[in-house]
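This report covers the fold of one protein, its nonpolar core and the surroundings of selected residues. Please read it alongside the sequence and coordinates shown here.

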Amino acid sequence: MVITCRELTELATDKKEGVLSGMDRLGIRVHLSWCTRCRTYLEQMDLAVDALAALPDEAATDEVVSDLVSRFESKKRTPSE
Ligand SMILES: [Zn+2]
């Protein structure tokens, strides 16, 4: 299964929510095995989410975390989408 960089970005949010199918997971793993750009992107997103999770509860609400994830998402999307 081959997925594009854009598909990976879209799947990344699902991955956070733990709702990916086995095929999606396989596609992500294969993609990350050769695509440095997406690997860096996911690492940065993980780091940012982990950093937020380490904050006191009142600072790291679900809202803050999902806002951060959507900001990462919109960064990867073209304005026309
Ligand atoms: Zn990629």
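## Contacts of C38

Which residues does C38 touch, not counting residues up to four places away in sequence? In this predicted model, the residues touched by C38 under that condition are C5, L8, H31 and L32.

## Overall fold

The protein has four helices and zero strands. Read from the N terminus, the order of elements is α-α-α-α.

Of the 81 residues in the protein, 7% are buried. Among contacts with a separation of 6 or more, 49% join residues 24 or more positions apart.

## Nonpolar core

The largest nonpolar core consists of five residues: L8, A12, I28, C38 and M45. Helices α1 and α3 (36-53) each contribute at least two residues to this core.

C38 and L8 both belong to this core, and L8 is also among the residues that C38 touches.

## E10 and its surroundings

E10 is part of helix α1, which spans residues 5-17. Is E10 buried, exposed or partly exposed? E10 has 15 C-beta neighbours inside 10 Å, so it counts as partly exposed; a buried residue would need 20 or more, and an exposed one would have 12 or fewer.

E10 also illustrates a pairing of residues separated in sequence: E73 lies 63 residues away along the chain, while the C-alpha to C-alpha distance between E10 and E73 is 7.5 Å.

Note on methods: Residues are numbered from 1 along each chain as its sequence is written. This is a predicted model: local features need pLDDT of at least 70, side-chain atom pairs count only at pLDDT 80 or more; totals for chains, interfaces and linings use all residues. A nonpolar core is a set of buried Ala, Val, Leu, Ile, Met, Phe, Trp, Tyr and Cys residues joined through C-beta atoms within 7 Å. Two residues are in contact if their C-beta atoms, placed from the backbone, lie within 7 Å.
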